[in-house]
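Subject: The structure you asked about

Hi,

Here is the structure for you to look through. Open it first, then read my notes below with the model beside you.

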Amino acid sequence: MAQWCQLQMLDCKYLEQVDQLYDDSFPMDIRQYLSRWIESIDWDTVAMQDSLATIRFHDLLAQLDDQHSRFALENNFLQQHNFRKIKRNLQDRFQEEPHAMAMIISRNLKEEQKILACAKEAEQEGEGTVSAMVVEKQKLDNKVKDLKDKVQFLDQMLKNLEDLQDEYDFKMKNRENEANSLSPKELQQEKFQMARMCMDLKQKRQDVVTFLTELLNLTHSLIQELVSEELPEWKQRQQIACIGGPPNACVDQLQNWFTAVAEALQQVRQQLKKMLELEQKFTYENDPISQKKAHLENRALELLKNLLSNSLVVERQPCMPTHPQRPLVLKTGVQFTVKLRFLVKLHEFNYQLKVKAVFDKDVTEKKGFRKFNILGTNTKVMNMEESNGSLAAEFRHLQLKEQKLAGNRTNEGPLIVTEELHSLSFESELHPNQSGLYIKLEATALPLVVISNVCQLPSGWASILWYNMLTTEPKNLKFFLSPPAAKWSQLSEVLSWQFSSVTKRGLNQEQLNMLADKLLGAKAQRNPDGLIPWTKFCKSANEKAFPFWLWIEGILDLIKRHLLSLWNDGCIMGFISKEREKGLLSNKCPGTFLLRFSESSKEGAITFTWIEHDVHDKPVYHSVEPYTKKELTAVSLPDIIRTYKVMAVENIPENPLRFLYPDIPKDKAFGKYYPKPSETQEPMDVESTEKSGYMKTELISVSEVHPSRLQDNMMPMSPDDYKALERYVSPRDIDAVLDLHGLVPQEQDMSCSFETSNFLL
């Protein structure tokens with residue numbers, strides 16, 4: 001089955017993840033109508049070849065023209081208009097950079113595959129036992145359905161009551177006219193029937209009032225569950241998603257529940273009006289409608305107000321488009337976006353809600369606390385979205401500007417800039433043409449960190465991580481005056497999310513163990529309840545040291561820029577102590593190596609360590625000087641591994657790297673990353689290198705060591721040479737000579753430099 005067809009069969013929470021992949025740059029309409037063609041192309045290859053990308057771009061435009069023609073035959077004017085607009089936008093955006101479009105399609109297809117894999121895994125895990133979350137969702141679905149059924153049943157009860165009351169009223173009016181024509185016995189029977197009908201009428205009225213009271217009780221219980229349980233749980237999942245956790249899903253499901261309850265209450269209010277009409281036509285002493293109408297009306301109105309006042313939510317938290325994976329950190333002078341949704345999707349509310357953004361509302365003035373103004377359009381009218389019909393408003397062009405204080409300003413506040421939290425709230429009023437319905441609405445984004453320089457972004461993101469990991473309070477702006485410590489069980493999960501959110505791979509237990517030892521110390525034995533203070537995570541113990549988080553951030557940046565494919569493929573062990581490294585390599589064959597991140601580089605660096613054996617068959621470990629972003633910008637890590645040489649005076653350079661741990665041949669592990677051989681020159685090339693006399697150059701990584709260090713583990717001598725030596729010198733004499741020179745196995749750190757290797761063409 002086609003990938004797109006499989007996706008459309010998924011649950012709503014997965015479809016929401018798919019929805020997040022597509023925007024105006026590459027609309028979902030293209031994916032929908034051209035799904036077969038899109039899935040038939042190898043977009044990874046297209047993205048790497050500009051000429052092929054240009055061909056595919058024009059193929060796509062041709063496909064759009066074909067689809068437009070089909071819409072014309074179907075007289076589908078709306079889609080004709082949409083596809084003309086889509087084509088113009090694509091031409092404006094990708095005409096000069098068709099490979100960028102190929103990269104977007106390639107990325108989206110891979111993300112779709114990940115979503116399908118997650119759905120399949122969840123389905124397999126749930127076989128035989130249904131998860132508690134699904135059970136709770138089903139229970140709530142049933143409660144909402146029960147409410148809707150009861151409202152419909154009340155409609156039928158009112159109709160039956162109205163029919164009975166009309167019949168009673170008709171007979172009462174005709175009774176006087178027919179009284180003279182009836183015998184005393186018939187008259188007595190008529191009186192008896194009327195009395196019985198009156199009793200039935202009173203009983204039905206009482207039944208309607210009782211049923212409506214129970215219906216409002218059920219509605220109250222349901223609203224409490226939505227407002228006090230489901231909505232806070234959704235907001236907590238949103239917090240987790242903001243810091244790299246699983247994508248926050250089910251906002252559509254939440255909207256369906258809120259909308260269904262609001263529709264039910266609107267219908268109940270109409271039913272109450274109907275009851276008042278019936279009361280005006282006919283009433284009596286102790287009429288339950290007369291006695292309860294005011295209470296029932298007020299209660300239905302209060303329930304509706306309670307539901308609507310909690311329906312405005314921040315669907316997508318504030319985020320700079322330049323840093324989509326670092327929400328809630330905003331830089332002055334840089335535009336940011338934020339999206340709101342009204343969970344009650346009723347057409348009478350369309351274009352009724354005007355939302356205003358307010359910064360640091362109700363924040364008391366504090367010494368040293370910075371103040372900001374919002375620039376850009378800070379008001380939006382909510383309207384129904386075409387894609388999913390939700391009532392939403394998206395602010396796309398907001399900016400913050402710091403208020404300049406008179407005189408020389410010094411930040412004398414108790415918190416540094418990246419620990420100073422701010423609030424962004426949104427206000428609106430709802431007063432449609434319904435008597436008694438006036439509601440003030442407010443929604444608040446999660447606390448923000450405002451920076452003035454991009455170099456503050458890592459520390460600002462650390463504050464966002466710590467806050468959302470440890471509290472669910474939406475307005476605790478004083479959090480960092482006394483930040484609580486985090487349990488290792490909490491922090492380890494969040495650290496893994498930082499990697500899985502920007503790559504395809506989080507941290508495994510082996511890697512987390514190393515980080516636990518680094519933060520807690522070996523004595524803590526990686527205790528899940530071990531506490532890590534904020535200062536340990538994001539502060540420096542002294543001037544020479546650097547914070548743990550900045551080290552992690554440097555490694556993340558290194559991976560994103562230079563090591564993404566290697567990390568995704570599992571080639572990099574990464575986080576491993578030197579002791580553990582020796583333990584893993586100790587029983588491996590010579591030339592086995594592994595890749596790990598340097599612990600001494602703040603900016604992020606990677607090194608490799610390999611094992612050799614001396615003449616006593618004792619292991620000797622060699623580690624190369626770590627490679628930073630500067631070196632990796634010049635030469636990729638696979639190329640470094642491919643061409644790496646160890647060289648001593650009067651010795652032939654050799655590459656000691658043979659197997660990637662545990663036993664993968666080097667070229668098999670990294671071969672696909674090696675540069676492709678250059679194309680042979682065409683016969684018609686006039687200016688060939690043979691005539692020019694130039695030599696092709698290649699940068700290679702070389703470690704220079706003293707010959708005596710190479711003798712320690714006999715690196716220049718092959719096993720065949722050693723056997724030849726044994727013919728003339730006894731093993732005992734060889735050992736005596738080695739002992740005389742004090743050659744003992746040791747760990748060796750090798751400095752490394754790049755040299756140019758020349759090849760005559």
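**What I found**

Out of the 761 residues of the protein, 43% count as buried. Keep in mind that this is a predicted model. The protein has 25 helices and 23 strands. Among the contacts with a separation of 6 or more, 73% are between residues 24 or more positions apart.

**Helix α7**

Start with α7, which covers residues 77-94. Its 18 residues should span 26 Å at 1.5 Å a residue, and the end C-alpha atoms are indeed 26 Å apart, so the two values agree. Which residues of α7 are buried? They are Q79, Q80, N82, F83, I86, L90 and F94. These buried residues cover an arc of only 165° around the axis, so they sit on the same side of α7. The general idea is that an α-helix has 3.6 residues a turn, so residues three or four places apart point the same way. On the face of α7 turned away from the buried side, you'll find the exposed residues F77 and D92.

**Helices α14 and α17**

Next, go to α14 (residues 488-500). You can do the length check here too: 13 residues at 1.5 Å each should give 18 Å, and the end C-alpha atoms of α14 are 18 Å apart, which agrees. The buried residues in α14 are W488, L491, S492, V494, L495, S496, W497, Q498 and F499.

Now bring in the partner, α17 (residues 548-568). Two packed helices are described by the angle between their axes and the distance between the axes. For α14 and α17, the angle is about 35° and the axes are 10 Å apart. The crossing of α14 past α17 is right-handed. From α14, the residues L495, Q498 and F499 take part in the contact, and they meet F548, W549, I552, I555, L556, I559 and W567 in α17. Sorted by class, this contact has 9 nonpolar residues, 1 polar residue and no charged ones.

**A glycine in α17**

While you're in α17, look for G554. Is G554 buried or exposed? With a relative accessible area of 6%, G554 falls under the 20% cut-off, so G554 is buried. The C-alpha atom of G554 is separated by 4.3 Å from that of G604, although the two are 50 residues apart along the chain. Besides G604, G554 is in contact with K602, E603 and K629, leaving aside its neighbours within four places in sequence.

**Some unusual backbone spots**

Most residues other than glycine have a negative phi, and most peptide bonds are trans. Here are a few places to compare with that.

- N286 is not a glycine, yet has a positive phi of about 65°. You'll find N286 in the loop between α11 (251-281) and α12 (288-309). N286 has a relative accessible area of 56%, so it is exposed.
- L328 also has a positive phi, near 75°. L328 lies in the loop between β1 (312-319) and β2 (329-331). At 0% relative accessibility, L328 counts as buried.
- The peptide bond from Y661 to P662 is cis, with omega near 5°. P662 is in the loop between β19 (659-660) and β20 (664-665).

Have fun clicking through it!

Note on methods. Residues numbered from 1 in each chain as written. Predicted model: local features only at pLDDT ≥ 70, side-chain atom pairs only at ≥ 80, totals over all residues. Heavy atoms only, no water. Helix = DSSP H or I, 4+ residues; strand = E, 2+ residues; numbered from the N terminus. Expected span 1.5 Å × (residues − 1). Buried < 20%, exposed > 50% of the residue type's maximum accessible area, 1.4 Å probe, protein only. Arc of directions from axis to C-beta. Axes fitted to C-alpha atoms, helices over the stretch in contact; angles between N-to-C directions. Left-handed = near helix turned anticlockwise from the far one by under 90°. Contact = heavy atoms within 4.5 Å. Nonpolar A, V, L, I, M, F, W, Y, C, P; charged D, E, K, R; others polar.
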